[in-house]
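Colleague: Got a minute to walk me through this one? I'd like to get a feel for it before I head back to the bench.

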Amino acid sequence: MSADTDTASPAVEGPARRSASPWVLMYHSVAEFTDPAEDPYGITVTPGALEAQLQWLHTRKLRGVSVGELLRARAAGQGRGLVGLTFDDGYTDFLTGALPLLRRYDCTATLFVLPGRLGADNVWDPLGPRKSLLTADAIREAAAGGTEIGSHGLLHQDLTTAPDDILRQELRGSRDLLRELTGSLPRGFCYPYGHLDARVVEATRAAGYAYACAITPGRLTGPHALPRTHVSQADGRGRMRIKQLRHRVRELRRVVLP
């Protein structure tokens with residue numbers, strides 16, 4: 001979902017017809033912190049940093065939307081000026097730190113949650129800090145407010161090392177639980193840690209997801225392995241522009257080169 005969807009290169013002709021992936025930004029937690037040691041994995045941005053990044057998009061006539069909305073717009077030839085916004089893990093601070101700013105800038109987003117860890121915390125991050133995860137009621141609140149809810153699996157496991165039965169449970173089980181929770185099946189999936197391989201991508205497609213988000217999927221790039229750009233606290237206007245250009249160049253090379 002290239003922030004440059006207005007200038008994205010057309011798909012090339014040939015037996016392996018490819019098209020440029022849209023520019024999708026990847027966030028996690030939005031909360032106040034002062035010491036980098038409080039954020040050893042670089043997953044937190046402050047509300048002030050997020051607002052500056054949304055303002056940067058606005059000044060460039062770009063609007064952040066959910067991945068589902070972006071893909072539908074692109075399919076209809078109306079993706080110009082749209083950028084995907086995603087928030088992984090489903091931290092409780094999404095409701096307090098991110099959602100008010102998204103509304104202020106007329107943005108939507110996709111929130112990838114873990115229905116197997118409702119109300120728990122990010123136990124998979126051994127260095128901490130501990131961050132609380134949304135409860136079932138809070139996820140319903142986010143959905144009612146216009147946020148697209150997607151699955152991040154059940155327990156935040158590396159799916160490339162999971163046996164087939166666990167892989168099915170993480171994909172199909174989490175999808176069924178989210179349908180019970182929100183009343184509708186999630187269309188999107190997000191690979192924990194960004195880890196994926198051909199087996200996992202095919203299982204995700206077979207589980208019924210319309211799309212899936214990765215980080216740097218390489219040759220697996222496609223609707224079920226969408227690349228994303230990690231956004232950090234350090235990303236001011238200059239760095240955001242560099243990341244936009246980097247995405248543009250990467251996609252141009254992927255589309256044009258065999």
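Modeller: Sure. One term before we start: a residue is buried under 20% relative accessible area, exposed over 50%, and partly exposed in between. Also keep in mind that this is a predicted model.

Colleague: Okay. So is E69 buried, exposed or partly exposed?

Modeller: E69 has 24% relative accessibility, so it counts as partly exposed. Its side chain meets that of R63 in a salt bridge, 3.3 Å from N to O.

Colleague: And R63, where does that fall?

Modeller: R63 is partly exposed as well, with a relative accessible area of 27%.

Colleague: How many salt bridges are there in the whole structure?

Modeller: The search finds 12. Another of them links the side chains of D137 and R140, at 2.5 Å from N to O.

Colleague: How are D137 and R140 placed in the helix?

Modeller: They sit three residues apart in helix α4, which covers residues 136–144, so about one helical turn separates them. D137 is exposed, at 54% relative accessible area. R140 counts as partly exposed, at 36%.

Colleague: What does D235 pair with?

Modeller: D235 forms a salt bridge with R239, and their closest N and O atoms are 2.6 Å apart. D235 is buried, with just 3% relative accessible area, while R239 is partly exposed at 41%. Salt bridges with shared partners tie D235, R239 and K243 into one network.

Colleague: Let's zoom out. How many helices and strands does the chain have?

Modeller: Seven helices and 10 strands. The radius of gyration is 17 Å, close to the 18 Å that the globule rule gives for 258 residues, so the chain is as compact as a globular protein of that length. Along its principal axes, the C-alpha trace spans about 50 × 45 × 35 Å.

Colleague: What share of the residues is buried?

Modeller: 50% of the 258 residues count as buried.

Colleague: Show me a strand. Which residues of β1 are buried?

Modeller: Strand β1 is residues 24–27, and both of its faces are covered. V24 and M26 are buried on one side, L25 and Y27 on the other.

Colleague: Which strands does β1 pair with?

Modeller: One is β5, residues 82–89, which pairs with β1 in the parallel sense over four bridges. Another is β10, residues 229–230, which runs parallel to β1 and is joined to it by two bridges. L25 has a bridge partner in each: L85 in β5 and T229 in β10.

Colleague: What about holes inside? How many cavities of 30 Å³ or more are there?

Modeller: One. About 30 Å³ of space lies in it.

Colleague: Which residues line the largest cavity?

Modeller: The lining is made up of D89, G90, V113, L114, R117, L118, L133, L134 and I139. By type, that's six nonpolar, one polar and two charged residues.

Colleague: Switching to backbone geometry. What should I expect as the usual case?

Modeller: Most residues other than glycine have a negative phi, and most peptide bonds are trans.

Colleague: Then where is there a cis peptide bond?

Modeller: Between G128 and P129, with omega at about -10 degrees. P129 is in the loop between β6 (110–113) and α4.

Colleague: And which residues have a positive phi without being glycine?

Modeller: K61 is one of them, with phi near 60 degrees. It's in the loop between α1 (47–59) and β4 (63–65). H156 also has a positive phi, about 65 degrees, and lies in the loop between β7 (148–151) and α5 (164–182).

Colleague: Are K61 and H156 buried or exposed?

Modeller: K61 counts as exposed, at 73% relative accessibility, whereas H156 counts as buried, at 7%.

Colleague: Last one: where is F33 found?

Modeller: F33 is in the loop between β2 (29–30) and β3 (44–45). At 18% relative accessibility, F33 counts as buried. F33 and T46 are 13 residues apart in sequence, and their C-alpha atoms are 6.9 Å apart in space.

Notes
Residues are numbered from 1 along each chain as its sequence is written. This is a predicted model: local features need pLDDT of at least 70, side-chain atom pairs count only at pLDDT 80 or more; totals for chains, interfaces and linings use all residues. Side-chain values use heavy atoms; hydrogens and water are left out. On a 1 Å grid over the protein atoms alone, a cavity is a set of points where a 1.4 Å probe fits but cannot get out, and a pocket is an open set with protein on both sides within 12 Å along at least five of seven lines; lining residues have an atom within 4 Å of a point. Grid points are joined across faces, edges and corners, and a volume is the space filled by probe spheres set on the points. Ala, Val, Leu, Ile, Met, Phe, Trp, Tyr, Cys and Pro count as nonpolar, Asp, Glu, Lys and Arg as charged, and the others, Gly among them, as polar. Buried means under 20% relative accessible area, exposed over 50%, partly exposed in between (1.4 Å probe, protein chains only). Two strands pair if DSSP finds at least two bridges between them. A salt bridge is a side-chain nitrogen of Lys or Arg within 4 Å of a carboxyl oxygen of Asp or Glu. The radius of gyration is taken over C-alpha atoms; the globule rule is 2.2 Å times the number of residues to the power 0.38.
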